[in-house]
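The following exercises concern one protein structure, each with a worked solution. Please examine the sequence and the structure shown here before attempting them.

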Amino acid sequence: MHKNQGEYLYSPEYCYARRRVSNPETSAAMPDSLPGETKYQFSCTHCGKCCRWPGNVLLTEPDIARLSAALKLDSWAFIERSTRLAEIRAQLSLRDGEDGACIFLKQDRCSVYEARPAQCRIFPFPNTTPEECPGLTPV
């Protein structure tokens, strides 16, 4: 993943390979591209499409702490109001709104953007395609 003036260059293969490397010295030695990869540039169009996909926004403990603080709730109140048990039954997920979108999507914008969960922070990486996200364009 390369950052360039607020936009990102991205390829699923490269992001997967980067996540597999845990040693910072080895990570620095990763190539800028992998053979046969397709690179994409990402620039958010603020369409809100990603916040309307079916599925789970899985939460980590830091996500819960960050969101609770942003909403000025204690963790238990946040969990009670804003989460559900994910289908995997091992983790909490954000509740969906009545329309199936994320409960924090308001007028095509994230109302908790600065405190958004890690899963939202890494979007569209690593498995999104241009058909799913209009902000991805091949480079």
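**Exercise 1. Locate Arg-89 and describe its backbone and its surroundings.**

Step 1. Arg-89 is found in the loop between β4 and β5; helices (H or I, at least four residues) and strands (E, at least two) are DSSP runs, numbered from the N terminus.

Step 2. The phi of Arg-89 is near 60°, a positive value in a residue other than glycine. Most residues other than glycine have a negative phi, and most peptide bonds are trans.

Step 3. Arg-89 counts as exposed, because its relative accessibility is 64%. Here buried means under 20% relative accessible area, exposed over 50%, and partly exposed in between (1.4 Å probe, protein chains only).

Two conventions apply to every exercise. This is a predicted model, in which local features need pLDDT of at least 70 and side-chain atom pairs count only at pLDDT 80 or more, while totals for chains, interfaces and linings use all residues. Residues are numbered from 1 along each chain as its sequence is written, and side-chain values use heavy atoms, with hydrogens and water left out.

**Exercise 2. Describe the backbone at Asp-108 and at the peptide bond between Phe-123 and Pro-124.**

Step 1. Asp-108 is not a glycine, yet its phi is positive, at about 60°. Its place is the loop between β6 (105-106) and β7 (109-110).

Step 2. With a relative accessibility of 33%, Asp-108 counts as partly exposed.

Step 3. The peptide bond joining Phe-123 and Pro-124 is cis, with omega about 10°. Pro-124 belongs to the loop between α5 and β8 (136-138).

**Exercise 3. State how confident the prediction is, and where the confidence is lowest and highest among the elements.**

Step 1. The protein chain has a mean pLDDT of 77, and 74% of its residues reach 70 or more; pLDDT is the predictor's confidence in each residue, from 0 to 100.

Step 2. Among the elements, strand β1 (residues 2-4) has the lowest mean pLDDT, 36, and helix α3 (residues 61-70) the highest, 97.

Step 3. Residues 1-31 have pLDDT below 50, although this stretch has 57 contacts in the model beyond near neighbours in sequence. Contact means heavy atoms within 4.5 Å. Where pLDDT is low, the predicted coordinates should not be read in detail.

**Exercise 4. Determine which residues of α3 are buried and what covers them.**

Step 1. Asp-63, Ile-64, Leu-67 and Ser-68 are the buried residues of α3. They lie on the same side of α3, because they cover an arc of only 125° around the axis; the arc is that of the directions from the helix axis to the C-beta atoms.

Step 2. The face turned away from that buried side carries the exposed residues Glu-61, Pro-62 and Ala-69.

Step 3. The cover over the buried residues of α3 includes α4 (75-82), β5 (92-94) and α5 (118-121).

Step 4. After α3 comes Lys-72, with a positive phi near 55°.

**Exercise 5. Carry out the corresponding analysis for α4.**

Step 1. Ala-77, Phe-78 and Ser-82 are buried in α4. Seen down the axis, the buried residues of α4 fall within an arc of 100°, so they line one face of the helix.

Step 2. Trp-76 and Glu-80 are exposed on the other side of α4.

Step 3. The buried residues of α4 pack against α3, β4 (83-85) and β5.

Step 4. At the start of α4, a side-chain oxygen of Asp-74 comes to within 3.0 Å of the backbone nitrogen of Trp-76.

**Exercise 6. Identify the residues that touch the most other members of the largest nonpolar core.**

Step 1. A nonpolar core is a set of buried Ala, Val, Leu, Ile, Met, Phe, Trp, Tyr and Cys residues joined through side-chain atoms within 4.5 Å. The largest one has 13 residues, and Leu-59, Leu-67, Phe-78, Leu-94, Cys-102 and Phe-104 touch the most other members.

Step 2. A second, separate core of 5 residues includes Tyr-40, Phe-42, Phe-123 and Cys-133.

Step 3. Beyond its neighbours within four places in sequence, Leu-94 has contacts that include Val-57, Ser-82, Arg-84 and Pro-117.

**Exercise 7. Explain why Cys-102 and Cys-110 form no bond with Cys-51.**

Step 1. The whole structure contains 0 disulfides, a disulfide being a pair of cysteine sulfur atoms within 2.5 Å.

Step 2. The closest cysteine sulfur to that of Cys-102 is in Cys-51, 5.8 Å away, and therefore too far for a bond. Cys-102 counts as buried, at 16% relative accessibility.

Step 3. For Cys-110 the closest cysteine sulfur is also in Cys-51, at 6.2 Å, again too far for a bond. Cys-110 is partly exposed, with a relative accessible area of 29%.

Key:
Polar contact = N/O pair within 3.5 Å; in protein donor to acceptor, adjacent residues only side chain to side chain.
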